[in-house]
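Student: I have a model open and want to learn how to read it. Can we go feature by feature?
Tutor: Yes, here it is.

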4 protein chains.
Amino acid sequence: MSMNTFGHLFRVTTWGESHGPALGATVDGCPPGIPVTADGIQQWLNKRKPGQSKHTTQRKEADEVEILSGVFEGVSTGTPIQLMIRNTDQRSRDYGDIIEKFRPGHADITYWQKYGVRDYRGGGRSSARETAARVAAGGVARSALGHLLPDVRITGYMVQMGELEIDRSRFDWDAIGRNDFWCPDPVAAEEFADHLDWLRKDDHNSVGAVIECVARGLPVGLGAPVYGKLDTDLAAAMMSINAVKGVEIGEGMNAARLTGRSNADEISMGPDGPVYSSNHSGGILGGISTGQDVVVRFAVKPTSSILSERRTITKSGEDTTIVTKGRHDPCVGIRAVPVGEAMMACVVLDHFLLHRGQVGGAGGVIG
Amino acid sequence: MSMNTFGHLFRVTTWGESHGPALGATVDGCPPGIPVTADGIQQWLNKRKPGQSKHTTQRKEADEVEILSGVFEGVSTGTPIQLMIRNTDQRSRDYGDIIEKFRPGHADITYWQKYGVRDYRGGGRSSARETAARVAAGGVARSALGHLLPDVRITGYMVQMGELEIDRSRFDWDAIGRNDFWCPDPVAAEEFADHLDWLRKDDHNSVGAVIECVARGLPVGLGAPVYGKLDTDLAAAMMSINAVKGVEIGEGMNAARLTGRSNADEISMGPDGPVYSSNHSGGILGGISTGQDVVVRFAVKPTSSILSERRTITKSGEDTTIVTKGRHDPCVGIRAVPVGEAMMACVVLDHFLLHRGQVGGAGGVIG
Amino acid sequence: MSMNTFGHLFRVTTWGESHGPALGATVDGCPPGIPVTADGIQQWLNKRKPGQSKHTTQRKEADEVEILSGVFEGVSTGTPIQLMIRNTDQRSRDYGDIIEKFRPGHADITYWQKYGVRDYRGGGRSSARETAARVAAGGVARSALGHLLPDVRITGYMVQMGELEIDRSRFDWDAIGRNDFWCPDPVAAEEFADHLDWLRKDDHNSVGAVIECVARGLPVGLGAPVYGKLDTDLAAAMMSINAVKGVEIGEGMNAARLTGRSNADEISMGPDGPVYSSNHSGGILGGISTGQDVVVRFAVKPTSSILSERRTITKSGEDTTIVTKGRHDPCVGIRAVPVGEAMMACVVLDHFLLHRGQVGGAGGVIG
Amino acid sequence: MSMNTFGHLFRVTTWGESHGPALGATVDGCPPGIPVTADGIQQWLNKRKPGQSKHTTQRKEADEVEILSGVFEGVSTGTPIQLMIRNTDQRSRDYGDIIEKFRPGHADITYWQKYGVRDYRGGGRSSARETAARVAAGGVARSALGHLLPDVRITGYMVQMGELEIDRSRFDWDAIGRNDFWCPDPVAAEEFADHLDWLRKDDHNSVGAVIECVARGLPVGLGAPVYGKLDTDLAAAMMSINAVKGVEIGEGMNAARLTGRSNADEISMGPDGPVYSSNHSGGILGGISTGQDVVVRFAVKPTSSILSERRTITKSGEDTTIVTKGRHDPCVGIRAVPVGEAMMACVVLDHFLLHRGQVGGAGGVIG
């Protein structure tokens, strides 16, 4: 990861600001012959698109992707794929307050102090709008995975909002797409909805969330120890998403509470190879995939842009207060779900290519 | 991060196995004119060295570093610094069990399945011994920071072991160096000691831990959005350490529980610039340092190498059991403290150089 | 350099095909506060633009650049700058011959054999049209250099076409912009014109050329030994340009003919520091700039697309012949001049940032 | 290429100074299961070793390589391979003159001006001794190529010394190993010997050379356009070698003299695929290997360290003169032959891995 590029062989460079003419992703290193179409990518962008329910920002963005290069007659050519999304709803308005004042909890102040120049319109480059480009790139990665590793399925969902958590005994993969929260527990989904309604309308507040992403059907052997481990790259990928403050693999922070006896996943021999008695490891040992589900979780902080008044300062150094109006997500965690999935798809594909490059078809056989 | 190298401008490549002749780090991109001596690096290696208390592995390693290049007349020349540590206590013994059996919770099985060849002696490359090289590289980074950013202080400590947590009201920076656990709460340190004694001697078990690392005195502006964010690189750096399963910045996973009103750190103008009412952000906004303390936490899983019998399989695919004898840490979290510090020092220095490269002395003034 | 990205800190990723909707460059790592405007970049694109004289391809391309990101109120923000150029003259025509036949001397056959899919329209990604993106990125680099190193001047010119070479005794910097060949020798420029007229009209042929690029006013100390040397990166930059087959620094291949006594540039002390009696080294010693003019030369092969019949094969493996019609440059070397300048500007800026990052203001004083 | 590391997937980081305790190479990304032994690497180091004939420096270095990591039971494990070579003949002597004076044509002055500190002993990091590490790394690359691409043969040889060139009609592959110059023309080899004797003994001078390296038996499809082209990486690899001032692929600088009709290699269909009528391209089209011999040439400048007096300055800025005594190569081109081969082996292997990573087994079929 280097500035605005991530990945080793499947390399994604994103560009663009919230209120500039466009944003996008340059996807380099895609294998050739992969079906890539605007429609195919659009389905993933639509999952993240704002304005789809009352629980997300009311900004209207078509988020229509244009493929400008790297695809010929419907398949990738192996050359860079440029994915561009025009910004359409850059509502012409008075940015007055934000020009001079720094929003607490935002990158406004650090961008200013670092660069000495700042695109204040809607957060500029630090806006969550940047994640649309990630989702577009993830769409290409998913298509390549579908071609190269057809058993792989990557699914994200919300497991916690504020103090409310899902009940894992009610976990239902099919429920995920049926509510506004990508929540696998339909009961929790209703609780989330009620809570968010109250927060948004009555409390003028926002709330954090925890998202879990799972990759099922992964082959054994992905990950390049010791600084390009699969978990290292997943951690970096998730932590690079706006508002993310924590990342966990498998047991995550809870691993600290466990003992060696309870934490180690015991192994036995199954008909198709090793079988594990549990998955505390989150599908990764020593940075390399075990073939179990790879499980990553990340916490998204509550949106700082709220209608409540907060103390801050101006560029000229005066104390003041600010109320952030505008169209903001009361829980950005919702729209972080497809973003997390996209990042996971990119990381998994990248590591598949890396592994194929270094090791080829070899590898150790058991049994 | 790419395989065995991490960093953008200050780049560290580590090499070596647990029971090979030596291990080390190649440090490239160090600024010239930095005082670098074996003694200076040794002080940090001694913090991590095994066999220093009954709470860590009884393997005896001098962990003496030799500087093979890049230093002339006591200062760095700007060329690669090779730091080599000879393995001295490679106890000649029968590896029989481990050659054929995979230890549950270890990288034994994934290394074998990925590469088809595996240095089984003591975990080979996946051993925690690799972290000695990180600490040595961190010693160089610390020296450079002392030269370039003399106000920066990087300190790690243990805040949790198993279910036992420190009481933040008893936090004492000076206590950290006075107990075997790098624990800032002297009362908790004693509890940790008692608990670990029991686990090791009576329960033949091991336990996880949470380590917190803080960088104080950092300048504003470090971090390269959006994929080279300071928090992204810290997350990757910590997740790349053996046995780490979760990483948090500031509020970390707890951010999911907070509301926008409670989470945003309010800003006021102080005599020397902006002052924050709190530090939920962990000193990073939009991936860029705010000038507050940068706070990162990571969870270390319990050692899988325990004296209790566990089910596993052999290379030939037969079900069996294993008891891992040998000299293992009942809580690897203890020795992870100097490793976390070292990684943080490398990341901070790297971002200082990156920032100086791209932005130079410029940046926005407030007031 | 990695696939479609070059540079260390100032990183340029180009994308796009000859006959796709657009092509462009993503410029990452540009220092903030640099004046960047479409007009400013356009002046360099206009130097390279086709159809400006009878000596270049008659394809008409406006080559108008749009800035889609990274610039706010006329200056760079430090975030990625997306430069897009729409392809306008994608003449709808019958590609029939080229679809099935491989043009000798072209990348047609290798793209097909490598990727199994190929955008045959106008050479796709392997077309010299890709270099427009380099020139646009170079425009940004030049603006940054103008800001950070105002004494630097980067100038390219043609010194040889076929067997015709310039006479160095007639070298005139001011002549360069006054002829169709960017030739510093006005007499040679006329010879070039006559020769090219004959080749194109009568001989239905094309011809190679040698381009020289000079960076004047460079500071001492740019270059990162040993694999990021200034000359290494210049060699890579120039060799990556379409049709380039050789690169020289200073004496270049002629260095083989010299003796140590004649080749070493003697040093004496001048009023402002070291003065060299000659510049056989081309301004670089040990990979680091000396402060003298940095001189790089590269040879451009003759266009393979000519009206003469050549033997080749079809995709189905049959022997056949081909005559390449279409609008091709009889001497692509002409339009390679601004491309070489652009690459040099990018490399020089990148190394300035790298040097500032690692070394800062330090460095050894003489006298 | 970034500072002291080169390669994309097969990454080599070299370290060490001429007169430090040791130098070496960290080889990351080597495929697992490759036979790697000290003896196997030693055969290549012995080709480069000084003091083997009267035509090279009389410095005696055993150049014995130690493998410190990454190899287990005789094969690579997929983890970093550390290759260390102890410096043994660091003749204790008075460096007085070189400490204060800058040798013309050397990196002495630029290292000092860039870094403000300089290991003056034998050129420090800028010494040609660094190339021993490249040759060691190349030995690993050759072993991997022997395993993965057994048909590939990489051979370097001298084709020019000063004004003397070989006669291609006398080219004999078997002659290369039979003379002190790795010269394929036995008659030229004798002329080289006579000329160098005179230069060294009577003229107290040195001379440049041209080395050609050829990779035979390469598969089609290696090279990653447009900034990781096979020729781009070869050019960078060769230009990064000490004293190299020019690099050519195929026709090289001579391509400027040719016409499109004479330069394009015509294609016909042979029993095993495309056959080319000639190899002006040097086996690379559009940055991708054609399957023909890949031909690269580079010019090595004459050693600047000669017994003749040259004008220079001191660190304190005074004009003076210098005579460089010591044990220097009158023609460093001789020992550059195995270095060029090693760099080519690394680049070819790296591109094979890159190609396998991105494209796998796919690719377009002809016929």
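Student: Through what do the copies C and D meet?
Tutor: Through the same surface, because 100% of the interface residues of chain C are also interface residues in chain D. Keep in mind that this is a predicted model.

Student: How do I describe the relation between two copies?
Tutor: Two copies of a chain are related by a rotation about an axis and a shift along it. For this pair, a turn of 180° and a shift of 0.0 Å along the axis lay chain C on chain D, with an RMSD of 0.0 Å. The two copies are thus related as by a two-fold rotation axis.

Student: What turn lays chain B on chain A?
Tutor: A turn of 180°. The shift along the axis is 0.0 Å, and the RMSD is 0.0 Å. Chains B and A also meet through the same surface, since 100% of the interface residues of chain B are interface residues in chain A too.

Student: Now a single chain. How many helices and strands are in chain A?
Tutor: Chain A has 8 helices and 18 strands.

Student: What does the radius of gyration tell me about chain A?
Tutor: Compare it with the value for a compact globule. With 367 residues, that value would be near 21 Å; chain A has 21 Å, so the two agree. Look at the box as well. The C-alpha atoms of chain A fill roughly 70 × 50 × 35 Å along the principal axes.

Student: What share of the residues in chain A is buried?
Tutor: 70% of the 367 residues. The cut-off for buried is under 20% relative accessible area. The accessible surface of chain A comes to about 10800 Å², and carbon and sulfur atoms hold 47% of that.

Student: What about contacts and charges?
Tutor: Contacts first. Take those in chain A with a separation of 6 or more: 69% of them come from residues 24 or more positions apart. Then charges. Chain A has 39 positive and 44 negative charges, and their mean positions are 5 Å apart.

Student: How do I read burial in a helix?
Tutor: Start with the general idea. An α-helix has 3.6 residues a turn, so residues three or four places apart point the same way. Then count the buried positions in the case at hand. In helix α6 (residues 230–239) of chain C, 10 of the 10 residues are buried, so this helix is largely enclosed by the rest of the structure.

Student: Which residues of α6(C) are buried?
Tutor: Among them are Leu230(C), Asp231(C), Asp233(C), Leu234(C) and Met239(C). The list takes in charged side chains as well as Leu and Met, counting Asp as negative.

Student: On to the backbone. Where is there a cis peptide bond in chain A?
Tutor: Between Pro225(A) and Val226(A), with omega about 0°. Val226(A) sits in the loop between β10 (209–216) and α6 (230–239) of chain A. Chain B has a cis bond from Pro225(B) to Val226(B), with omega near 0°. Val226(B) is in the loop between β10 (209–216) and α6 (230–239) of chain B.

Student: Which phi value should I check at His204(C)?
Tutor: Phi there is near 45°, a positive value in a residue other than glycine. His204(C) belongs to the loop between α5 (186–201) and β10 (209–216) of chain C. Its relative accessibility is 34%, so His204(C) counts as partly exposed.

Student: And what is phi at Ala243(D)?
Tutor: About 75°, positive although Ala243(D) is not a glycine. Ala243(D) lies in the loop between α6 (230–239) and β11 (244–249) of chain D. With a relative accessible area of 23%, Ala243(D) is partly exposed.

Student: Is Arg11(A) buried or exposed?
Tutor: Buried, with a relative accessible area of 12%. Arg11(A) is part of strand β2 (residues 11–16) of chain A. Beyond four places in sequence, Arg11(A) touches residues including Phe6(A), Val27(A) and Asp28(A), and also Ser2(C) and Arg11(C). The C-alpha atoms of Arg11(A) and Ala25(A) are 9.9 Å apart, with their positions 14 residues apart along the chain.

Student: Last one. Where is Thr324(B)?
Tutor: In the loop between β18 (319–322) and α8 (333–359) of chain B. At 8% relative accessibility, Thr324(B) counts as buried. Leaving aside neighbours within four places, Thr324(B) contacts Arg103(B), Ser305(B), Ile306(B) and Leu307(B).

Technical notes: Residues are numbered from 1 along each chain as its sequence is written. Chains are lettered from A and ligands numbered from 1 in the order in which they are written. This is a predicted model: local features need pLDDT of at least 70, side-chain atom pairs count only at pLDDT 80 or more; totals for chains, interfaces and linings use all residues. Side-chain values use heavy atoms; hydrogens and water are left out. Helices (H or I, at least four residues) and strands (E, at least two) are DSSP runs, numbered from the N terminus. The radius of gyration is taken over C-alpha atoms; the globule rule is 2.2 Å times the number of residues to the power 0.38. Buried means under 20% relative accessible area, exposed over 50%, partly exposed in between (1.4 Å probe, protein chains only). Contact means heavy atoms within 4.5 Å. Accessible areas come from the Shrake-Rupley method with a 1.4 Å probe; for residues, only the protein chains shown count as cover. The place of a charge is taken as NZ of Lys, CZ of Arg, CG of Asp or CD of Glu. Copies are superposed by least squares on the C-alpha atoms of residues with pLDDT of at least 70 in both.
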